[in-house]
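Work through the exercises below with the structure open beside you. Try each task before you read its solution.

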Amino acid sequence: MATGLAGASSHAGPRHPGHPAVYRMPLAVWFDGPMEVGRMLAACGEVVRRHPVLTSTLAERDGVLRLLTGTAEVPITLAEAPADPLDLAGAGHLDLATGPLARFTLARTGPDRHLLVFAAHHIVFDGMSKDILVRDLATAYAGEPLPPLPLPYGEAVEDENARVRDRLAGAAEFWRTRWHDSRELVLPGLGTPTLHAAPGDAVDFVLGDEVGRAAASLGLTRFEVVLSALRLLLHAYGNARAAVAVDLSTRTEATREHVGLFVNELPFEVVPSGTFAEFAADVRAELRRMYAYRHVPLARALGGVSPRAALTPVSLSYRARSEAEPVFPGLAASVEWMMFNGAVRNTLHLQVVDGPRGTAARLQYNPRHLDRAGCESVAADLTALLRGVADRPHAPIDDLPLPSRVAGAGGGTGLQRPRAGGTDAGLVVAVGEIWRQVLDLDHVDPADDLFDLGGHSLSITQIIARVRDTMAVDLPFEVFIDDPTVEGVAAEVARQRSLT
């Protein structure tokens, strides 16, 4: 069965370059007790039968990318005990064109101890899908039948696409005055911001009861408190207008039981002022306005949004887990809900999972652009700010425990991709001439943005080929994401030449 892709995700599609692991969503479940291995493997098969989207591949039909369900088999295998669970999560390629897009791997790690690792491509899986999958797996292992879904996945996707079409004009008007494609950013320990998917690192920390106390005092959701605190922290560092890309669920009552991709990343920006309570109320009001268009990807609404792994250098995902841990008969189960895939989509991503056992947080960062000490400072500053907010939710913003402004903040555009010092003017002219020919333009300025000039992925491929042929340099695709200007590309050519 072919289903058109839901217009939900702005960052999970194959058009975005970068590290392939960034779209792999792993999940690990540790089991203690006498497991019936055959029964567990059969339960995995039952889950796949209930959620056939996991058997999909991606293909183009009539100019539209579509998921073709039933075209790939989901591997369900036994493996040797890994040295690191991430070894199982990263095992086996998830291929969009040929499949599989999901796999289960079970390993015996000790006497009466097993590890089940599930991994799926983000195009068929999102954060809330984790809860659904583990719950269905526990039900199947218990020998209970899995009820049919209220709506077939194909119909759910068509409903999602219909909502996008209905709200497209309103979303375009809404975002026209709100979207500012700025990549400038200041953080402690930051070299340059990036929107490039790459190998990453992470800093884990725990938020205590401060989020819940602040939310109760202010009549807000916990998500609204976390978003308000993150945006205020960026402001304190010296980011006057830094937007935060937030993941918003697009699920409806008909799709709440589906495994699949029902999330949309949208930019959020409110300038802090007044008391925290007043600022957070402004955040809540703006979110409510955004929710009317949460189904519409920004690129669909506005057009001209350049290919990228994330909308902005800083992003946030928040997931509330109200359900208790799943029960597997005869087994004690522990789920690693925030298993890290080892890759990042941008400079800094805050992931929060708020569950019955507490609020777990993680800052995922690109170590080539942001050092670990800087990331740890952000975690400490955010925690301190939330504690201050919980104690004094109605305090003026300036009276809260905010960090000092980062040195160099507000000093112009000094956060662009590093240029090779004094890039030869002749090299800039030569690269500009290649752009002019590929884009069929009369003139190109050194600071012109490729995408503003009408460039796209095919243009990038042609420029890379011509630079290789005329300058003997293989340009990485990501230079066109981090700094899509003639000067930026010329600087990368000069940098690579300096390494040979």
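The exercises that follow deal with a predicted model.

**Exercise 1. The six-stranded sheet**

Task: Find the order of the 6 strands in the open sheet, and name the edge strands.

Solution:
- Step 1. Read across the sheet. The order is β9-β16-β15-β12-β10-β11.
- Step 2. Check the directions. The pairing is mixed.
- Step 3. Look for strands that pair on one side only. These edge strands are β9 (201-207) and β11 (263-268).
- Step 4. Add the twist. From one strand to the next it averages 20°.

**Exercise 2. One strand pair and its helices**

Task: State in which sense β10 and β12 pair, then describe how α6 and α9 lie on the sheet.

Solution:
- Step 1. Locate β10 at residues 244-249 and β12 at residues 314-320. They pair in the parallel sense, over 2 bridges.
- Step 2. Pick out one bridge. Alanine 245 has serine 315 in β12 as its partner.
- Step 3. Turn to helix α6, residues 222-237. This helix packs on the sheet and touches β10, β11, β12, β15 (348-355) and β16 (358-365). The direction of α6 makes about 160° with that of β12.
- Step 4. Now take helix α9, residues 372-391. Helix α9 lies across β9, β15 and β16. It runs at about 15° to β9.

**Exercise 3. The five-stranded sheet**

Task: Give the order of the 5 strands in the other open sheet, and follow the pairs made by β2.

Solution:
- Step 1. The order is β5-β6-β7-β2-β13, and the pairing is mixed.
- Step 2. The edges are β5 (76-79) and β13 (332-336). Neighbouring strands here are turned by 20° against each other on average, direction ignored.
- Step 3. Strands β6 (residues 102-110) and β7 (residues 113-121) run antiparallel, joined by 8 bridges. Within this pair, arginine 108 is bridged to histidine 114 in β7.
- Step 4. Strand β2 pairs with β7 over 9 bridges, in the antiparallel sense. Valine 29 has leucine 116 in β7 as its bridge partner.
- Step 5. Strand β2 also pairs with β13, again antiparallel, over 5 bridges. Phenylalanine 31 stands opposite alanine 333 in β13. Aspartate 32 has alanine 332 as its partner.
- Step 6. Add the helices. Helix α1 (residues 37-50) packs on the sheet and touches β2 (24-32), β5, β6 and β7. Helix α3 (residues 127-141) lies across β2, β6, β7 and β13, at about 35° to β2.

**Exercise 4. Buried or not?**

Task: Which side chains of β13 are buried, and how many residues of β2 are?

Solution:
- Step 1. Recall the rule. In a regular strand, side chains alternate between the two faces of the sheet.
- Step 2. Apply it to β13. Ala333 and Val335 point to one face and are buried. Ala332, Ser334 and Glu336 point to the other face and are not buried.
- Step 3. Compare with β2. That strand is mostly covered, with 7 of its 9 residues buried.
- Step 4. Try a helix residue. Alanine 425 is found in α10 (residues 425-439). Exposed means over 50% relative accessible area. Alanine 425 has 55% relative accessibility, so it counts as exposed.

**Exercise 5. The nonpolar cores**

Task: Which members of the largest nonpolar core touch the most other members?

Solution:
- Step 1. Start from the principle. Nonpolar side chains tend to be buried together in soluble globular proteins.
- Step 2. The largest core has 67 residues. Leu187, Leu227, Val246, Met290, Leu316, Leu348 and Leu350 touch the most other members.
- Step 3. Ask which element gives the most. It is α6, with 10 residues.
- Step 4. Zoom in on leucine 316. Its contacts include Phe223, Leu227, Val246 and Leu350.
- Step 5. Another core lies apart from the largest core. This core has 45 residues, among them Val48, Leu96, Leu101 and Ala102.

**Exercise 6. The largest pocket**

Task: How much space lies in the largest pocket, and which element supplies the largest share of its lining?

Solution:
- Step 1. The space comes to about 1200 Å³.
- Step 2. The lining has 44 residues. Closest to the centre are Gly127, Met128, Ser317, Tyr318 and Arg319.
- Step 3. At least two lining residues come from each of β2, α3, β10, β12, β14 (343-344) and β15.
- Step 4. The largest share, 6 residues, comes from α3.

Notes: Residues numbered from 1 in each chain as written. Predicted model: local features only at pLDDT ≥ 70, side-chain atom pairs only at ≥ 80, totals over all residues. Heavy atoms only, no water. Pairing = 2+ DSSP bridges. Helix = DSSP H or I, 4+ residues; strand = E, 2+ residues; numbered from the N terminus. Axes fitted to C-alpha atoms, helices over the stretch in contact; angles between N-to-C directions. Contact = heavy atoms within 4.5 Å. Core = buried A, V, L, I, M, F, W, Y, C linked by side-chain atoms within 4.5 Å. Buried < 20%, exposed > 50% of the residue type's maximum accessible area, 1.4 Å probe, protein only. 1 Å grid on protein atoms, 1.4 Å probe; cavity = no way out; pocket = protein on both sides within 12 Å on 5 of 7 lines; lining within 4 Å. Points joined across faces, edges and corners; volume = space filled by probe spheres on them. Lists of a residue's contacts leave out its neighbours within four places in sequence.
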